[in-house]
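Dear colleague,

I am passing the structure below on to you, and I would be glad if you read the notes after it with the coordinates open beside them.

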Amino acid sequence: MSDQKRVLSCIQPTGNLHLGNYFGAVKNWVDLQSSYQCFYGIVDYHAMTMPYNTKKLRNQSWDLIVDLVSVGIKPENLFVQSLIPEHAELGWIFNCFASVGRVSNMTQYKDKSQTVSEKAKDTFISVGLFDYPVLQAADILIYKADFVPVGDDQDQHLELTREIADRFNFNVGKDYFVLPKTLHTKTPRIKSPADPERKMSKSAGEKHVIGVFAEEARIRKQIKSAVTDVGIQTDGQMSLGVENLFELMRAAGSEDFDGLMSDYEAGTLKYSALKDATADTLVKLTTGFIEKKAEILENKKELKYKIKQSSAEIRKVAQETLLEVKDLVGLMNVKF
């Protein structure tokens, strides 16, 4: 394995990538590959914590892998969580080093359990939903990650991970786990083109997301109909809708950004020109992704083989960690 600092980040297989996912996280993953040893996980165990279709989960995982490789993630950096059972075993061990009170105060558990109660036909909420931050801690610590790129909404989870690692180290009398650090990078907050007062999200509906692999006609239609004047500030600040279009252009590396911003500052900007330039930029970006995806799908078996191999190789790190952990906490292991 590499001597580079190690980065760990994961994503749930809950649907196709959209530009909010890409600009908010995945593009950063792609960029980090040049400077760090990167492990990127498809966390299908986590996808089970909310109501899901058992017949679709496996296909969703493979579809997401295809999407990630199509936008620039290297196959050798990817693993599938369920192919590495050591995650779940370490998660159980960490349950014994995690406080019930601390886990019950996790904001995302409260939010997601409320969502389940509102949408489900019954009020069933799985223990997995309550406990998944502990498994998330195992996902990170099993690879002894130096850095975890996180958004603001994930800071609480990394704090819990560090607390579990600290408690573990104290109880076994050894500084075994290095406490992972957050890796905050500037990531754009992409909003819905139909309602720029809310973030781009699949749960909001189709009109609120722009797919990374969407057809050109659909992208142009969504941008053309994008809301511009909502949220205009009384002090003359840019409206949320216009700001979102500029943010999309900036994130996609538009060559027209500076000129159109100058027009805005001069009070001569035409929304039609802004929308045309935004659509052109996004189409240029996504066309490359679509072409790469088509190449991959022509030989999907090869990619599946690579991911199984990369998961097996990355699993060696997890196996070594778990053996050492079991020894430290007094459990039997294959070396006894």
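What follows goes through strands, aromatic rings, charged side chains and a few single residues.

Please keep in mind throughout that this is a predicted model.

I begin with strand S1, which spans residues 6-11 and is mostly covered, 5 of its 6 residues being buried. S1 pairs with S2 in the parallel sense over 6 bridges, and within this pairing Cys-10 has Gly-41 in S2 as its bridge partner. Arg-6 belongs to S1, and its surroundings deserve a careful look: which side chain of opposite charge is nearest to Arg-6? That side chain is Asp-146, but it is 5.9 Å away, and Arg-6, although buried, has no salt bridge. Because a salt bridge requires nitrogen and carboxyl oxygen within 4 Å, the 5.9 Å between Arg-6 and Asp-146 does not qualify. The side chain of Arg-6 does, however, reach the backbone oxygen of Tyr-143, at 2.6 Å.

Turning to the aromatic rings, the whole structure contains 14 aromatic pairs. In one of them, Trp-29 and Tyr-40 are stacked, because their ring centres are 4.4 Å apart and their planes lie at 10 degrees. This pair links distant parts of the chain, since Trp-29 sits in helix H1 (residues 19-32) and Tyr-40 in strand S2 (residues 37-42), 11 residues apart, and both Trp-29 and Tyr-40 are buried. Tyr-176 and Phe-177, by contrast, form an edge-to-face pair, with 4.7 Å from centre to centre and 75 degrees between the planes. Tyr-176 and Phe-177 are both buried, and together with Phe-94, Phe-97 and Phe-168 they form one aromatic cluster.

The charged side chains come next, and here the structure holds 14 salt bridges. One of them joins Lys-293 to Asp-67, with the closest N and O atoms 2.9 Å apart; the pair links helix H12 (residues 271-297), where Lys-293 lies, with helix H3 (residues 57-70), where Asp-67 lies, and the two residues are 226 residues apart. Both Lys-293 and Asp-67 are buried, and Lys-293 also lies over the face of Phe-213, at 4.3 Å from the ring centre.

Helix H12 takes part in a further salt bridge through Asp-280, which is 60 residues from Arg-220 in helix H9 (residues 216-224), and the side chains of Asp-280 and Arg-220 meet at 2.8 Å, N to O. Asp-280 counts as partly exposed at 40% relative accessibility, and Arg-220 is likewise partly exposed, at 30%.

Within helix H13 (residues 300-329), Lys-316 and Glu-313 are 3 residues apart and so are separated by about one helical turn; their side chains meet in a salt bridge at 3.2 Å, N to O. Lys-316 is partly exposed at 48% relative accessibility, as is Glu-313 at 39%. Elsewhere, Arg-102, Glu-159 and Glu-163 are joined into one network by salt bridges that share partners.

Two single residues complete these notes. Lys-144, in the loop between helix H7 (127-141) and strand S4 (147-148), has a phi near 50 degrees, a positive value in a residue other than glycine, and Lys-144 is partly exposed, with a relative accessible area of 34%. Met-261, in helix H11 (residues 257-266), is buried, with a relative accessible area of 17%, and its C-alpha atom is separated by 9.3 Å from that of Leu-274, 13 residues away along the chain.

With kind regards

Methods
Residues are numbered from 1 along each chain as its sequence is written. This is a predicted model: local features need pLDDT of at least 70, side-chain atom pairs count only at pLDDT 80 or more; totals for chains, interfaces and linings use all residues. Side-chain values use heavy atoms; hydrogens and water are left out. Helices (H or I, at least four residues) and strands (E, at least two) are DSSP runs, numbered from the N terminus. Buried means under 20% relative accessible area, exposed over 50%, partly exposed in between (1.4 Å probe, protein chains only). Lys and Arg count as positive and Asp and Glu as negative; His and the chain ends are not counted. A polar contact is a pair of N or O atoms within 3.5 Å; within protein, one must be able to donate a hydrogen and the other to accept it, and residues adjacent in sequence count only if both atoms are side-chain atoms. Rings of Phe, Tyr and Trp (its six-membered ring) pair if their centres lie within 6.5 Å; planes under 30 degrees apart count as stacked, over 60 as edge-to-face and the rest as tilted. A charge sits over a ring if NZ of Lys or CZ of Arg is within 6 Å of the ring centre and within 35 degrees of the ring normal. Two strands pair if DSSP finds at least two bridges between them.
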